[in-house]
Amino acid sequence: MAKRTMRRKRLGLIAVVLLSSFHVASTNSQSGGDSASTVKGASTVKGGTIAFALTSLRWATYLTPDGQVDCPDGVNDGPREQFAALFPGDGKGRALADTQLQREVQNWFPTTAPDYFKFREPRGPHALGLNLDGKTDPEDFTSPQGEPGIDNQLYRVLGCINSYRDAQGTNDSLNSLEIVSDGYNRLLVELNGVTSLENSDNVEVMLYRGLDPLYTTADGKGFLPGGSQRIDVRWGQKFIQRLKGKIVNGVLTTEPADVAFPWAVFALPTDEYLRGASLRLDLTATSAEGLIGGFADIETWYFQLMSSQSTHCQSYGQLASMSLYKAMRRLADGYPDPKTGANTAISSALRATFTQVYILPESKAELANIKTLQRAEPYRGPPNPRSVAEEMGDFADVRATLTKAD
Amino acid sequence: MPRGVGLLAACIVATLACSPLRADDNPKEVSRAVPLPPGVRVEATELDGPVFADPAGKTLYRWPLRQLRNGQAGDRAGSSECTDVPSVVSAGLMSPYPGGLKLPDLDERLACTQMWPPFLADADAQPVGKWSTIKRKDGSLQWAYEGLPVYTSYLDQLPGDVFGGRADKRGGDTPAMRAPIGPPPDVPPGFAVKTMSTGRLLVTDKGRSVYASDRDTPQKSNCDATCADTWVPLLGPAYSVVPQGSARGEWSLIERSAGIKQWAYRGQPLYEYRLDTGSNGFRGSDVPGWHNVYTQRAPSPPPGFTVQDTTAGQVLADQHGKTIYTYFCGDDSQDQLGCDHPRQEQAYRLVVCGGGDPERCLQTFPYVPAAQDAKPTSRSWSVMTIDPRTGRSVDAQHPGALRVWAYRDRPVYTYAGDRRPGDTFANGHGEFRGLRNGFRAFWLRDDFFNQDQPGPG
């Protein structure tokens, strides 16, 4: 495994604002006193405040027609194909414990042992995302608009897995659908101190979880602005976070901060955790759209995948979780573990769309009663992981055969 | 909703006193009288309400046909698929793994009929009500309910035990499970009863929770028009009468105003909460003075357990605040037999809790220890002794045996990866999101996903 240079992303600059001691009541004073005032040209901004609800969220992959540029070698195999390669139907009468269950061991207790299979990564120069470290490094991408220094190593992991590819991607589609259909995922973004949706120097950006459904168009595919939302102050306190931002030429940009947000899939409450995350959203009076970039905590990310989707579900989109984990570890590029030096996070980007909503005043009043909020933390992974040597002992004869064939 | 704030503040202290769990001295659910075969009786249970039982009091179950990922398993009306020949290979009913793989521990594997003895009928048995008989392949007669053959479970020991399966349907990728059968609850049209981990919850026939107010007095609503904007009275037909057969007179109709009648249960006028967003909601109970209505409450956990808030609701936790987990397992044989009980196959559990290593399993998913003087607090909560190396139940004198707490006759666990109260990082750990070979948190309340139903089986 090629050892990548570990880069400590500009930790010193990152304002970690998860709210261990944040007094939420302060947000009320940010919204100004005149609730009837509106920003010119944007009637949905009331007293310097406008809010949005998340309507779609996707890991940002940059795709070319038929994958000719991004995945010229094709896409990766999934669990079904890998199982067939490891254990061909040769009439040997294999035991479930030695095959199926041992593969599940590898999925649930993953290691950085070399993969049995060659992992295919995108080869093109372009990717969506943000320049998270302010530098242009050899492994960075260039945005489709020509911006250099794009940090999105997660794209290298996901870009040639069918499950994350537009149109045919199971995860890409299902995960985004659940953002809307599942109330657990109702992420709200509230901007306070807005003097203009074109330019505002000092904007407080609050993240909440909402409690109410979204208004959709008659066909259920679009979203109507103007709905009302309550803030989940009972179970959603971990998701109440404050960021600092500014609006320049209609684009909201936030300063890097660690951000946790809910992303449950298939009825299991799971979350994502991005370190040094920034929002870059194009704003209108009725919508917001753009990118969320940051360093995805790998263990939290993998836990979200594994607990949300069984190997069966993963096989729909040819997503082999064990191979994916190894690639994430290999391509990780941020937040090295102080003890081991291994990077714990991987640069990433999400495409997000929002529709404008109003947060009910009584809900804000409830918020003011909360004195201290619990700080969200990433998952630290299985407490007693398997070792590389242990995994190397699994199917040793098969490993030798596959390696030789490769 | 400012009205909820007071309770919220009070409930930050995570103790059972502040939880959805209540004392055990509550009345039991009443069922409707139905025709029964000779010897069959109705038995009260702690979690599943009234069930049918054989003459010895053992709960009766069915195994309904169920569509799985790659085929079907279970009984069709009129015949039994449960045989006395043990399965030897997997059926491949759950993808992506193929069938034909040799099942674990074949030398110890039981046949379906050993785990699910058919409830046999006398040769001259006659159909009665929804009961009939089917002829098994060996010529014996087996009782059937609504056409499906009926069994007992080898796990049930005493009357009222329901350790073989659960009453409510569980969806997703769970095995084709056996479910206890029983008489319908004695509720009027428009109501139903749902089995939750906290008790048998009264809901409407659309699944919405039913609430009662402490401000009401017996047979009288004090919820005025403003109140009724939020708390919707559950109205009955103007000329309706209370259901016949309510031996304890638990249902009545009160008159809100001339000609407008409202249902009351055990004297309490009933309402829906307008702000409940889904089925089986508990959000109304956050409003001081309002609470969900149960036909019977589940037994409280033993002393020392706590309740913790999560991002989706509340979970049961140990004395240190660590979330409690239960283990679910059903194999992929054509029999769809359980593997989540310490009398059953442990190979599956050892894989997901420790990568096949019993020691790692103990460190990662430790049992919840019971003190030497700990006593079972109910049939649902018991103390059992486990050989930690094998995961099998053993007698107390067995060398190295652990005394551990068990729920529904299966050990409960914590997860070493949970660091703070309210963490649920092992919820869904294992195959099929924890529903086939894995762990699920012990949910007492789930405002989003309806996970708050009682454990495995």
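In this predicted model, helix α4 of chain B has as its buried residues B:Y348, B:R349, B:L350, B:V351, B:V352, B:C353 and B:G354. Seven of the eight residues of α4(B) are buried, so the helix is largely enclosed by the rest of the structure. The partners of these buried residues come from both chains: α3 of chain A on one hand, and β24 (325-329), α5 (358-364), β28 (429-431) and β29 (437-441) of chain B on the other. After α4(B) comes B:G355, which has a positive phi, near 60 degrees.

**The partner helix in chain A**

Helix α3(A) is likewise largely enclosed by the rest of the structure, because eight of its nine residues are buried. These buried residues are A:Q100, A:L101, A:R103, A:E104, A:V105, A:Q106, A:N107 and A:W108. The axes of α3(A) and α4(B), the latter spanning residues 347-354, come within 8 Å and cross at roughly 20 degrees. An angle under 35 degrees counts as roughly parallel, and α3(A) is therefore roughly parallel to α4(B). The residues that meet are A:L101, A:E104, A:V105 and A:W108 on the side of α3(A), and B:A347, B:Y348, B:V351 and B:V352 on the side of α4(B). By class, this contact holds seven nonpolar residues, no polar residues and one charged residue.

**The contact between the chains**

The pairing of α3(A) with α4(B) joins chain A to chain B. Chain A places 43 residues in the contact between the chains, and chain B places 44. Five helices of chain A, namely α2 (79-86), α3 (100-108), α6, α7 (311-316) and α9 (361-368), each supply at least two residues of the side that touches chain B. Of these, α3(A) gives the most, with five residues. The side of chain A that touches chain B divides into 21 nonpolar, 12 polar and 10 charged residues.

**A helix pair within chain A**

Helix α6(A), residues 298-308, packs with helix α8(A), residues 321-331, at an angle of about 170 degrees, and their axes are 11 Å apart. That angle makes α6(A) roughly antiparallel to α8(A). In this pair A:I298, A:Y302, A:L305 and A:M306 of α6(A) meet A:S321, A:Y325, A:M328 and A:R329 of α8(A). The contact has six nonpolar residues, one polar residue and one charged residue.

The table sets out the two helix pairs.

| Helix pair | Angle | Axis distance | Handedness of crossing |
|---|---|---|---|
| α3(A) and α4(B) | roughly 20 degrees | within 8 Å | right-handed |
| α6(A) and α8(A) | about 170 degrees | 11 Å | right-handed |

**The nonpolar cores**

In soluble globular proteins, nonpolar side chains tend to be buried together. Here the largest nonpolar core has 176 residues, and those with the most contacts inside it are A:L207, A:M328, A:I346, B:Y325 and B:V412. Strand β13 of chain A, residues 343-359, gives the most to this core, with eight residues. Leaving aside residues up to four places away in sequence, A:I346 touches A:Q153, A:L154, A:F295, A:A296, A:I298, A:M328, A:L331, A:A332, A:D333 and A:G334. Two of these partners, A:I298 and A:M328, also take part in the contact of α6(A) with α8(A). Apart from the largest core lies another, of 25 residues, including B:F191, B:C223, B:W251 and B:W263.

How values were computed
Residues numbered from 1 in each chain as written. Chains lettered and ligands numbered in written order. Predicted model: local features only at pLDDT ≥ 70, side-chain atom pairs only at ≥ 80, totals over all residues. Axes fitted to C-alpha atoms, helices over the stretch in contact; angles between N-to-C directions. Helix = DSSP H or I, 4+ residues; strand = E, 2+ residues; numbered from the N terminus. Parallel < 35°, antiparallel > 145°, perpendicular 65-115°, else oblique. Left-handed = near helix turned anticlockwise from the far one by under 90°. Contact = placed C-beta atoms within 7 Å. Nonpolar A, V, L, I, M, F, W, Y, C, P; charged D, E, K, R; others polar. Core = buried A, V, L, I, M, F, W, Y, C linked by C-beta atoms within 7 Å. Buried ≥ 20, exposed ≤ 12 C-beta atoms within 10 Å, placed from the backbone.
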